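Colleague: I'd like to learn how to read helix packing and a few odd backbone spots in a model like this one. Could you walk me through it?

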Amino acid sequence: SGRGRFLLEHAAPFSAFLTDSFGRQHNYLRISLTEKCNLRCQYCMPEEGVQLTPKSELLTAQEIITLARLFVKEGVEKIRLTGGEPLIRPDVVDIVGQLNKLEGLKTIAITTNGINLARLLPRLKEAGVNAVNISLDTLVPAKYEFIVRRKGFHKVMEGIHKATELGYHPVKVNCVVMRGFNEDELLGFVEFTKDLPLDVRFIEYMPFDGNKWNFKKMVSYKEMLDTIKQRWPELEKLPCEASSTAKSYKVPHFQGQISFITSMSEHFCGSCNRLRITADGNLKVCLFGSSEVSLRDHLRSGASQEELVEIIGAAVSRKKKQHAGMFNISQMKNRPMILIGQLILPVSHPEQQCYIRTRILQTQMRGFCVFQKDTSSTFDTKCLEASPVGQVSADCQLKEASPGSEFCTRDSASCSEVPRASDNLTHTDEEGRATMVDVGGKPDSRRRAVAGAVVRLGEKAFGMVRQNQMKKGDVLAVAQIAGIQGAKLTSQLIPLCHNIPLSHVEVSLSLDEARCAVVIHCSCQTWGKTGVEMEALTAASLAALTVYDMCKAVTHDIVIEEVKLLSKTGGQRGDFSRA
């Protein structure tokens, strides 16, 4: 453009005030517009909430523009608006419009949770926003609601599609990957880029006060990359800019791409070009550091432009080489993520014919919670379904169960006779010591296993579960999530189990009024070299234990029974079906 050529031809030497002692030039500024958010993400905001700054101490729109003008004059070329959630600030469109008038500013970006994006993006684009990041940690609506403690998954999806319709290319989707939470959805997110111009950015889980961070939750870039390459070995690495925080890849013939933000395993501090201004006007030169300088106070005390530049330069010059100079960042003290303006919200095998495929996405995992009606009872129960996109969750009345069947599923399969079991234990060596079975020589095949369990609650606790009156919350919904997580964590709980990439997990819980019991049914599927019986049994067990945990305040006379494998298909030993 003509403006771009003018800037190149008249470019001045980069400001010494925005250059630190390691020669890093800071031309990228992130400004938090608000501390408030319309979600309550479990790893972003502490469970007890955060102490919000009084409105009078937050930067006004004019103060934001004044500081932005100062930074742009010194060499900042890109400004990203963050929060909290920036789109809940009423004057966000006006702020963008004023930023767009700053001579020298090339990019105005916004990072959002996407809830209000579809409604506001047309006006934001007209005002000057030319880059959008949308936070989304899961492709499973029920898990999304569990993570963010609010509804809104379909609004986020609507926002993503609105951004692509308005010509944003790529639309960046931020996904914080957490072990035991959403690392099983990596393939689903890659599939998401097949038909849409997206850049799905997998972000390593980072420590912030209140998010109970530990190394066990972090999934490294290399581990994620290995998982994805097993499915798409033809994955191509893309070139990137020197200051980029992302390592980018693309599946050939897919419209979009994926990236990895390796802030923990392979930090990019050496090329860092970012500064941050919090909603209350503090300058942070490093995301991981607690050191801050109040530009608001100096601004309101009448500091001149030259004095502000000196203050900024002094702060930048003190910036450490990496991670705020800390050796162990897991011990750092910092603001909760929600107050920093680093809004990154920390949730398939192609041959699974039973999956619901849509143009929008294909999820890697699906969970159900089916409350089945007992044929001997007049009690009508609700059906809560964790639906993939394209299938709408709804309350429904289940009129009857299948005759003579304790469980009903949508994808039941016939099973053959039980084959003769092996005479030898496969998990011990010749000397009787425990050993892990080598499955490297086995052929890949479709594997499915179904397991069940029953939790007898007694009349009082059963009635409270049925009426959803337990103080800890919705017993059946929480137990469903626990069962799904249990299936994914089986290899970490059972020492000699292989780490299996599950393509499908289904957990359903039904109320048996005659026995005052919760009946649990778990199904797991994969395409691989070994079966998923243990995954199904672990899911059933953890779902049952969760029911116990949530009901034990009412009574300890709770019995967990009938934990058993109901059926399994696939593998060299043949199929199994319990009579």
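Modeller: Let's begin with a pair. Helix H2 (residues 61–73) packs on helix H3 (residues 92–99) at an angle of about 25°, and their axes are 10 Å apart. That makes H2 roughly parallel to H3. Angles under 35 degrees count as roughly parallel, over 145 as roughly antiparallel, 65 to 115 as roughly perpendicular and the rest as oblique. This is a predicted model, where local features need pLDDT of at least 70 and side-chain atom pairs count only at pLDDT 80 or more, while totals for chains, interfaces and linings use all residues. Residues are numbered from 1 along each chain as its sequence is written, and side-chain values use heavy atoms, with hydrogens and water left out.

Colleague: Where do the helices and axes come from?

Modeller: Helices (H or I, at least four residues) and strands (E, at least two) are DSSP runs, numbered from the N terminus. Axes are lines fitted to C-alpha atoms, for helices over the stretch in contact, with angles from 0 to 180 degrees between N-to-C directions.

Colleague: Which residues of H2 and H3 meet?

Modeller: From H2 come Ala61, Gln62, Ile64, Ile65 and Ala68, and they meet Ile95, Gln98 and Leu99 in H3; contact means heavy atoms within 4.5 Å. That set divides into 6 nonpolar, 2 polar and no charged residues. Here Ala, Val, Leu, Ile, Met, Phe, Trp, Tyr, Cys and Pro count as nonpolar, Asp, Glu, Lys and Arg as charged, and the others, Gly among them, as polar.

Colleague: What about H12 with H14, at what angle do they pack?

Modeller: In general, two packed helices are described by the angle between their axes and the distance between the axes. For H12 (residues 475–488) and H14 (residues 533–551) the angle is about 145°, and the axes are 7 Å apart. The H12 side of the contact includes Ala479, Ala482, Gly483 and Gly486, and the H14 side includes Ala539, Leu542, Ala543 and Thr546. The contact residues divide into 11 nonpolar, 4 polar and 1 charged.

Colleague: Is glutamine 480 in H12 buried or exposed?

Modeller: Glutamine 480, found in helix H12, counts as buried because its relative accessibility is 4%. Buried means under 20% relative accessible area, exposed over 50%, partly exposed in between (1.4 Å probe, protein chains only). The C-alpha atom of glutamine 480 is separated by 8.8 Å from that of glutamate 506, 26 residues apart along the chain.

Colleague: Now a single helix. Which residues of H6 are buried?

Modeller: Recall that an α-helix has 3.6 residues a turn, so residues three or four places apart point the same way. In H6 the buried residues include Phe153, Val156, Met157, Ile160 and Ala163. The buried residues of H6 pack against several elements, among them helix H4 (117–127), strand S4 (131–135) and helix H5 (141–148).

Colleague: And the odd backbone spots?

Modeller: Look for cis peptide bonds and for positive phi. The bond from histidine 169 to proline 170 is cis, with omega near 0°, and proline 170 is in the loop between H6 and S5. The bond from glycine 83 to glycine 84 is also cis, with omega near 15°.

Colleague: Where does arginine 149 lie?

Modeller: Arginine 149 lies in the loop between H5 and H6, and its phi is positive, near 60°. Arginine 149 counts as partly exposed, at 32% relative accessibility. Cysteine 516 has a positive phi too, near 50°, but is buried, with a relative accessible area of 17%.
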